[in-house]
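Reader: I have a chain open here and would like to discuss one of the helices. Could you guide me through it?

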Amino acid sequence: MKGFKSTSLADQVFDKLENDIIQGVYPKGEILTELKLVEQLGVSRTPIRDALRRLEQERLIADTGKGSLVLGITMDDLLDIMNIRERIEGLAAYYAALNITPEAVEELTHITDLQDFYYNKHDAERLRHVDDEFHDAICRLSGRHVISDTLIPLHRKTRRYRRIAMDDWERTTQTTREHYEICQAVIAGDAELAKTLMKQHIINAKALLIKGED
């Protein structure tokens, strides 16, 4: 695969395959084989074999003996993920507010400025990227490695569905406002408010996800 660095080839192959499965490039029920992936990605079997092993541990694929069956993300998976996020992501916002620094204020202000800019331009694709930045930044700024290590993989697994939800401009408007309010609470160092707002943000996102699957 062109552009891959040999020092982290296995990680990059895993990241690409994980993203492609989550985004539906490889749909549920498709069989992936090492040979097929070697041809598609242009890398040797070793990093592919390692990536497939890790994807199986993530329960995104299952070995059939004749290849790897794509399992993808089920509705039950999504609900479990959102329930976990509801309980933990508020803590990330809580600790981010407690640990607020001038550098964190600058980063969160930059995120909200970008969000406003792309919202005013009705640029949904760029807003999706800012959405990713927002959630990852809150996790990282919490300074709690267990919380961050738990949430960031879950963010990746729900990215496709978060992006689909943001095609609804009414929801995008609400999300933009919620992100701004959370950032302001974190910047102000109001940990309890930041936690409450983040929890409600996840509850709202979960409700939309369920509605979209009805």
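Author: On one side of α5, P102, E103, E106 and N120 are exposed (over 50% relative accessible area, 1.4 Å probe, protein chains only). The model is predicted: local features need pLDDT of at least 70, side-chain atom pairs count only at pLDDT 80 or more, and totals for chains, interfaces and linings use all residues. Residues are numbered from 1 along each chain as its sequence is written, and side-chain values use heavy atoms, without hydrogens and water.

Reader: Which residues of α5 are buried?

Author: A104, L108, I111, T112, Q115 and Y118 are buried, meaning under 20% relative accessible area. Seen down the axis of α5, they fall within an arc of 135°, taken from the directions from the helix axis to the C-beta atoms, so they line one face of the helix.

Reader: What do they pack against?

Author: The buried residues of α5 pack against α6 (124–141) and α8 (169–187). Helices here are DSSP runs (H or I, at least four residues), numbered from the N terminus.

Reader: Turning to F134, is it buried or exposed?

Author: F134, in helix α6, is buried, with a relative accessible area of 0%.

Reader: Which residues is F134 in contact with?

Author: Leaving aside neighbours within four places in sequence, F134 is in contact (heavy atoms within 4.5 Å) with I111, H179, I182, C183 and M198.

Reader: And what does I138 touch?

Author: Not counting residues up to four places away in sequence, I138 touches A92, A93, A96, L108, V186 and M198.

Notes
Helices (H or I, at least four residues) and strands (E, at least two) are DSSP runs, numbered from the N terminus.
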